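Work through the exercises below with the model open. Try each task before reading its solution.

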Amino acid sequence: ACALGQTPPPPPAAVRCQAAGACFSAHLANSTYAEARSACGRRRGDLAWVSGEAELGLLLGLLAEAAAGSAASLFWVGLKRNASACTVADQPLRGFSWDGGGAPQREVPAELGRWVKEPVRSCLSARCAGLHLAAAAPGGGPGWGWKE
């Protein structure tokens, strides 16, 4: 999932934009975090980031549409923990932060702290996390959570 400028190059079906903000695009490919980051860079963007419920809702809708028909999918977003950072159990993003220049670094709302599986406790290696989508949740929207 890429966060793009306001004039996105991909086809309209693969893009959703905020009224006054970034556009997000979905790209289906079996790739590593580094490959996904590079692919977003070639589209003049960064891996997607989420700083609040508005971006999360927009991104979940786009990714659910892109993954239609799949039981579960993992999408790379710009969620990364550097080797010098530790896992922090009481923070919503568990010590991970947004990679790239798109997301303002500010306090993350607690509702964004949904993890499919808690990340490995470590302070020794860089780790990446993606946005995991499952089949529809009981409320009708896609089930989701971060996954290392």
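## Exercise 1: Disulfides

Task: Search the whole structure for disulfides and describe each one. How many are there?

Solution. The model is predicted. A search of the whole structure gives 2 disulfides.

Step 1. Take Cys 17 and Cys 23. Their sulfur atoms lie 2.0 Å apart, and they form a disulfide. The angle about the S-S bond is 105°, and the link is right-handed.

Step 2. Check the exposure of both ends. Buried means under 20% relative accessible area. Cys 23 has 2% relative accessibility, so Cys 23 is buried. Cys 17 has a relative accessible area of 37% and is partly exposed.

Step 3. Turn to Cys 86 and Cys 123. A disulfide joins them, with an S to S distance of 1.9 Å. This link is also right-handed, with 120° about the S-S bond. The pair connects distant parts of the chain, 37 residues apart. Cys 86 sits in the loop between S5 and strand S6 (97–98). Cys 123 sits in the loop between S6 and S7.

Step 4. Assign exposure again. Cys 86 is partly exposed at 33% relative accessibility. Cys 123 is partly exposed at 37%.

## Exercise 2: The nonpolar core

Task: Which elements each supply at least two residues of the largest nonpolar core? Then list the contacts of Leu 131.

Solution.

Step 1. Find the central members. The largest nonpolar core has 26 residues. Those touching the most other members are Leu 59, Val 77, Leu 79, Trp 98, Leu 131 and Trp 146.

Step 2. Map the core onto elements. Helix H2 (53–66) and strands S5 (73–81), S7 (127–136) and S8 (142–147) each supply at least two residues. H2 gives the largest share, 6 residues.

Step 3. Inspect Leu 131, leaving aside neighbours within four places in sequence. Leu 131 is in contact with Leu 59, Leu 60 and Leu 63. Its contacts also include Ser 73, Leu 74, Phe 75 and Val 77. Trp 144, Gly 145 and Trp 146 complete the list.

Step 4. Set this against the general pattern. In soluble globular proteins, nonpolar side chains tend to be buried together.

## Exercise 3: The faces of H1

Task: Which residues of helix H1 (residues 33–42) are buried? Why do they count as lying on the same side of H1?

Solution.

Step 1. List the buried residues of H1: Tyr 33, Ala 36, Ala 39 and Cys 40.

Step 2. Use the arc. These residues cover only 125° around the axis, so they lie on the same side of H1.

Step 3. Look at the other side of H1. Ala 34 and Arg 42 are exposed there.

Step 4. Follow the chain onward. Just after H1, Arg 44 has a positive phi of about 65°.

How values were computed. Residues numbered from 1 in each chain as written. Predicted model: local features only at pLDDT ≥ 70, side-chain atom pairs only at ≥ 80, totals over all residues. Heavy atoms only, no water. Core = buried A, V, L, I, M, F, W, Y, C linked by side-chain atoms within 4.5 Å. Buried < 20%, exposed > 50% of the residue type's maximum accessible area, 1.4 Å probe, protein only. Helix = DSSP H or I, 4+ residues; strand = E, 2+ residues; numbered from the N terminus. Contact = heavy atoms within 4.5 Å. Disulfide = S-S within 2.5 Å. Arc of directions from axis to C-beta.
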